[in-house]
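This report concerns a protein model and the pairing of charged side chains within it. The sequence and structure are shown first.

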Amino acid sequence: MATLLNLSDSDHSGLSDQSVSTRSSNRSLRIAEQERRKNEAEDPFVLALKYFSEVEAGTPVTGNDELENNLVRVEKVAFSRGLSPEAISIMLDFAMSLRMGSSPCARVLKCLLPASVVPQEAVVRAIVWLTVRKLPISTQVLFIKWVLSVFDMIDAKDKLRAIYGFIFSFVTDENLCPFICHLLYLLTRKENVRVFRVRKLLEQQSKLGRQPYLLYLLSLYKVFCPELVTLSIPSRMKSGFKNHISPWKSALIGVQRRNGVQVASGISLAFAVRDKTASRKRKHAHLELPSLSPVTIKEPQAAQGSSRKLVPMQQVQSFAQLLQNMHRIELPAQMGSLLGSSLALQYLDCVQDESALLRLNFWLGYALHEEFLFCSDGGANKNPDEVLQFLNRLLSAQHFLQEGFNSSDAFLFKFLNVWDGSLLRPQILGLLSNIPVIPSSQIKALLFDPLMQLFFTSSLFFKCGLIECLNHMLLKWLTWHSAYALEDDLDISLNSHTSINITLSGFKDSVMELVHFVGRLASLGLQLEGCHSLLLSFILDFYETVCDTFLKFGLPLVVMPPPGVFYPAFFAADPISVDRLAFIMHRYKVNLTSAKRQEKVTEQAFHISRQTFREFNRYQVFLVNCLWNSNMCYPEAEVRLSDELLAQSGVPQFSTRLDLIHHPAFVSYALDFHHKCWPGRKDTDLNSIKQTKPWSWYLEYLFTQGFDGLKDFLQNNISRRVMMAGDRREDGTQSQELESAPQIKQPLLS
C-alpha cells in the first residue's frame, strides 16, 4: 500500500512539472511574439511603409523632411534586399494615386525592386490609375517600362489579360504606343485578335509610319489570324522593342545575389544591355535559349490565393504535377524557354496549344533568320559554340516531338542556297531530316536543286551524310503516312504541330520524287567516288526502306532502284553489299506479290506499272543466272560485253565468274570451304564444290556465315526441288544437271 501511495505521489509530481513546463513554454512564446511586434513597430522600414499607406492627399512635398526620411528608408531596403509584395503594392499605389503630387513618383518607381514576386492586383490597380490622365507622360512611360521590366516576376497574368482591351486603348497615345505595343505583344493570345484592333493598328501605322513596334504586334496578330491581317510583313525588320529595363538592371541582379537567388541565364538575357563600343554590331543573344526557371523563387500557388487559377510553367517540377495542372498551365513570356524544358515540351505535345505553338514558331523564326541567316558580322562563325548549342537544343526538341517546326523549315529552305556543306553539318542535316512532306510541284526548287549542287561539290563524307539524312526524311514521311492516313485513302491530314493537308496521290508523287532524286544522286555519286563501299552502304540503307513501302508502311507504291545502284552493288567486292542487295530484292518480291494479291481481291486496288514489273524481273533473272546458274552472258541480259573484249581480259570461262563460288565477294569463302572439305588435297579446284553434296554443304556454310539476305533470296526464288537436288542425285551428274534444270521460279508478270 505504501508503494502504491509513493507511485501516486510521484505521478502527481510529474504532472505538476509538465503543467509548469507547458505554462513556461506558452509564456515564452507570448513574450517572443510581443518582442517581435515591438520590433516591427519600432522598425523604421515598417514605419515608413505605414506612412506611405496612410498619408493624406494634398500633403505638401516641399520642405517635408518626414517624406524624405521615409523614402530614404524604403530606398535603402529596396536596393539592399528588395521589397516584399506588400511593400510593392503600398509604394506603387502611393506613386500612381498622386496623393503627394507627381514629383516623388519617378523616384518611387525607380526603387520598386521586388525581392520575390510582384502582385498582379497592384499592377492592375496602377494601370487603372492611367485613365485619370493626371500623371505626367514621363511618369506613365516610366511605369510601363517598369511593368515590362518585372513582367516575368508578376505572380499571375490572368487579370492582366482580362483587361487586354483596356490596355489596348492606349495605343492611340503616340508617346505610350511603343511601350504599350510591347506589353500587348507579351499578353496577346489568339482570342485577343479582333478585326477592330487590327484596323486600329493600321490606322496608327498610317499616322506614324511603318514603325517596328507596330509591325511586330501586327506580325503576331498575323501569326494567330492570318485571314485578318492582309498586310505584308517584311521578313527582315529591325528590333521592334527596345531594351527598356536598364534603370533596374544592375539593382535587380544585385538584390537577387544578396538574397541568395541564382540569376538565371534568361534574366541575364532579358537584362542584356547593348555594348556602347559596338552598338552598331548585331548581338546574337537571341540564339541563347531563355531559361524556364522563374526570376525568383516563388511561393507555392496555394499560398497566393485561391482566386488565381493559372499555374506558371516554372512551378511545375514533375510530370505528375503537369498532369494535375494540365489545363491550368500559364506559359512563360519568353517562348524560347520551352525548348529547354522536357516538361514544357510534354505539355505542347499533349495539349497542342495552338497559340503557344504559333508564338514559339514566331520566336524561333526570328532567332534563326535575324540572328543567324541574315547576320552580316560573322554569325555562326563568330559564336560557334553558342550556335551549336542552340541548334542541338532545337534538334533535341524536334526529336522529342518527333517532328519539326514550320519556322525551322522556312529557314532551311533559304539557308540551303547559301550553305557550303561544312558549316554545322550534323545539325543542319538533322534539321533537314525533320522537314515534313513537300508538294511535288515545289520539292525540286526548295530542296533538290540546292542539294544537288552541294552533293557534287562536296566530300565523300558529306555524300554519305546527305543520303542518310534523306533516308531519315523518307522514314518519317512514311511513318507519318502509316500513322495518320485516313481509312478511305482519299485524304491525309495531320492534326499536329504542322498543318499538312495533302491527298494520297499527292503524297505518293512527293515520295516518288524523293526516291527518284536519291536514285540519281546515288548513281552519279558511286561513279564519282569509284563505288566506295561506305557510300554504297548508306545507299543500300535507303533502298532497304524503299523496298518495304507497301507492306511495312501501307503506301501503295513500289519504286525499283536504278541500274546505277543495282549493278555496282552486285559487282561489289565485299559480301555484305551483295547480301544486302539480295535481301532488298527478296523484299521487293514479297511486296510486289502481296500487291498483286491485293489487286485481285479488293475493289480499290492500286495499279503497278508494267515497267516496274519488267525492271524487277530483269534484276531477278540477272541475279539468279549469275549467282546460281553461273551464266552471266544469257541472251536477255541487260549488261553485256562483247566476247572479244571479255577474251582480252584473260579470265577463263568468264561467263561463270560471278556465281556463288567465283564471285569476288565469295571467293574467299569458297577457298576456306574447299580447304575444310578437302584438307589433304594439294591442288585447289573450286569447280569441285559444284558436285552434289559439296554444293549443298557449301550453301549451308554460306548461310551459317550470316548471309540471311542471300538465304531468303535463294529460298524464295529457287525451287525447293533444285535446292535439295543434292540429296537425290549422284555425285558425277550434279554440275551438268544444275545448269539444265529449270531452277528459277516463275517471274512476276504484270
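## A buried arginine and its partner

R580 has a relative accessible area of 15% and therefore counts as buried, since the cut-off for burial is under 20%. The model in which this residue is found is a predicted one. E544 lies in the partly exposed class, at a relative accessible area of 27%.

R580 and E544 form a salt bridge, in which the closest N and O atoms are 3.0 Å apart. This pair links distant parts of the chain, with the two positions 36 residues apart. R580 belongs to helix 26 (residues 575-601), whereas E544 belongs to helix 24 (residues 533-546).

## A second link between helices

A salt bridge also joins the side chains of E121 and K159, with an N to O distance of 3.3 Å. Here too the pair links distant parts of the chain: E121 is in helix 6 (residues 120-129) and K159 is in helix 8 (residues 158-162), 38 residues apart.

Both partners are partly exposed: E121 has a relative accessible area of 22%, and K159 has a relative accessibility of 33%.

## A pair within one helix

Within helix 11 (residues 195-208), E203 and K200 are three residues apart, so about one helical turn separates them. Their side chains meet in a salt bridge, at 3.6 Å from N to O. E203 counts as partly exposed at 35% relative accessibility, and K200 is likewise partly exposed, with a relative accessible area of 30%.

## Salt bridges in the whole structure

Side chains of opposite charge can pair when their charged atoms come close. Eleven salt bridges are found in a search of the whole structure. Among the residues involved, E68, E75 and R107 are joined into one network by salt bridges that share partners.

## The chain as a whole

The protein chain contains 33 helices and four strands. It has 750 residues, of which 50% count as buried. Its accessible surface comes to about 36100 Å², and carbon and sulfur atoms account for 52% of that area.

Among contacts in the protein chain with a separation of 6 or more, 73% are between residues 24 or more positions apart. Two of the salt bridges described above also link distant parts of the chain, namely R580 with E544 and E121 with K159.

Note on methods:
Residues numbered from 1 in each chain as written. Predicted model: local features only at pLDDT ≥ 70, side-chain atom pairs only at ≥ 80, totals over all residues. Heavy atoms only, no water. Buried < 20%, exposed > 50% of the residue type's maximum accessible area, 1.4 Å probe, protein only. Contact = heavy atoms within 4.5 Å. Areas by Shrake-Rupley, 256 points an atom, 1.4 Å probe, with all protein chains shown as cover. Salt bridge = Lys/Arg side-chain N within 4 Å of Asp/Glu carboxyl O.
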